[in-house]
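Hi everyone, thanks for coming. I'd like to walk you through a structure today, one piece at a time. Please have a look at it first.

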Amino acid sequence: MKKLMLAALGCFMMTTASAQAWNGKGDQKVQAGLNFYGSEGLGLKGSYDYGIADAISVGAGLGLYFGKNDSKSDFSIHGRFNYHLHDLLNLDNNLDIYPGVTLGVLGDTFDFGAHVGVRYFFTDKIGGFVELGNRGGLGVVVNL
């Protein structure tokens, strides 16, 4: 029984060690986390990305921003476009770096943003992300 448990643990560890941060066309990711709203406060963010080519993903995102007072709270909805540098930089399978842009609305105004993101996967399904730029954030990313 002890050998069976060790074998099962070994198989589990091998599958978690082969996480794939970027698979190209057809790749799907969902992210959720905290968002930084400049000096105004914090917020919550969520996004979905879908790979349409070897290095390109498109998607959508939502954000809810809580200002220091109620008059500064905002909601955003936007489209996303990312260029994944995984293959170009020959990155480890667990790591993906991607510059990108967003286009949408923030509150009642038109919004355009840019970011550079990094994703690192700890297992096949679960990882962490950091995005720096307009309303950058950090949180959890899930491979679908």
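**Strands and their partners**

Let's begin with two strands, β6 at residues 109-121 and β7 at residues 126-133: they run antiparallel and are joined by seven bridges. Before I go on, please keep in mind that this is a predicted model. If you want a spot to look for in this pairing, find His115, which sits opposite Gly133 of β7. How many residues lie between β6 and β7 in their hairpin? There are four.

Now follow the chain onward. β7 also pairs with strand β8, residues 137-143, again in the antiparallel sense, and here there are six bridges. One pair to find is Val130 with its bridge partner Leu138 in β8. These two strands make a hairpin as well, with three residues between the strands, and in that hairpin Arg135 takes a positive phi near 50°.

Keep your finger on Leu138, please. This residue of β8 is the bridge partner of Leu34 too. That brings us to β1, which is antiparallel to β8 and joined to it by seven bridges. β1 covers residues 28-36, and nine bridges connect it to β2, residues 41-51, with the two strands running antiparallel. Within that pairing, Ala32 has Gly46 of β2 as its bridge partner.

While we are talking about backbone angles, here is another one. Asn90 is not a glycine, yet it has a positive phi of about 55°. Where is Asn90 found? Look in the loop between β4 and β5. Is Asn90 buried or exposed? Its relative accessible area is 69%, and because anything over 50% counts as exposed, Asn90 is exposed.

**Charged side chains inside**

Next, the charges. As a reminder from your chemistry course, side chains of opposite charge can pair when their charged atoms come close. How many salt bridges does this structure hold? Five.

Let me show you a few of them. Lys29 and Asp27 meet through their side chains in a salt bridge, at 2.7 Å from N to O. Lys29 has 1% relative accessibility, so it counts as buried. Asp27 is buried too, with a relative accessible area of 4%.

Now move to Arg80. Its side chain meets that of Asp49 in a salt bridge of 2.9 Å, N to O. This pair links distant parts of the chain, since Arg80 is in strand β4 and Asp49 is in strand β2, 31 residues apart. Arg80 counts as buried at 5% relative accessibility, and Asp49 counts as buried at 2%.

Arg80 has another partner: the side chain of Glu131 meets it in a salt bridge, also given as 2.9 Å, N to O. Here again distant parts of the chain are linked, with Arg80 in β4 and Glu131 in strand β7, 51 residues apart. Glu131 has 3% relative accessibility and therefore counts as buried.

Which residues are linked in a network of salt bridges? They are Lys45, Asp49, Arg80, Arg119 and Glu131.

**Nonpolar residues, inside and out**

Let's turn to the nonpolar side chains. In soluble globular proteins, they tend to be buried together. In this model, the largest nonpolar core has five residues, namely Ala21, Tyr98, Phe121, Phe129 and Val141. If we leave aside residues up to four places away in sequence, Ala21 touches Asp27, Lys29, Asn93, Asn94, Leu95, Asp96 and Phe121. You will recognise Lys29 and Asp27 from the salt bridge we just looked at.

There is also a nonpolar patch on the surface. Its residues are Tyr50, Ile52, Val58, Phe81, Tyr83, Leu88, Leu89, Val101, Leu103, Phe110 and Phe112, and together they have about 1100 Å² of accessible area. Which elements give two or more residues to this patch? Those are β4 (74-83), β5 (95-106) and β6.

Let's pick out Tyr50, which is found in strand β2. With a relative accessible area of 34%, Tyr50 is partly exposed.

**To wrap up**

If you take a second look on your own, try tracing the pairings from β6 to β7, from β7 to β8, from β8 to β1 and from β1 to β2. Then go back to Arg80, and find its salt-bridge partners Asp49 and Glu131. Thanks for listening!

Methods: Residues are numbered from 1 along each chain as its sequence is written. This is a predicted model: local features need pLDDT of at least 70, side-chain atom pairs count only at pLDDT 80 or more; totals for chains, interfaces and linings use all residues. Side-chain values use heavy atoms; hydrogens and water are left out. Two strands pair if DSSP finds at least two bridges between them. Patches are made of residues with over 30% relative accessible area and no salt bridge: like charges are joined within 9 Å, nonpolar side chains (Val, Leu, Ile, Met, Phe, Trp, Tyr) within 5 Å. Accessible areas come from the Shrake-Rupley method with a 1.4 Å probe; for residues, only the protein chains shown count as cover. A salt bridge is a side-chain nitrogen of Lys or Arg within 4 Å of a carboxyl oxygen of Asp or Glu. Buried means under 20% relative accessible area, exposed over 50%, partly exposed in between (1.4 Å probe, protein chains only). A nonpolar core is a set of buried Ala, Val, Leu, Ile, Met, Phe, Trp, Tyr and Cys residues joined through side-chain atoms within 4.5 Å. Contact means heavy atoms within 4.5 Å.
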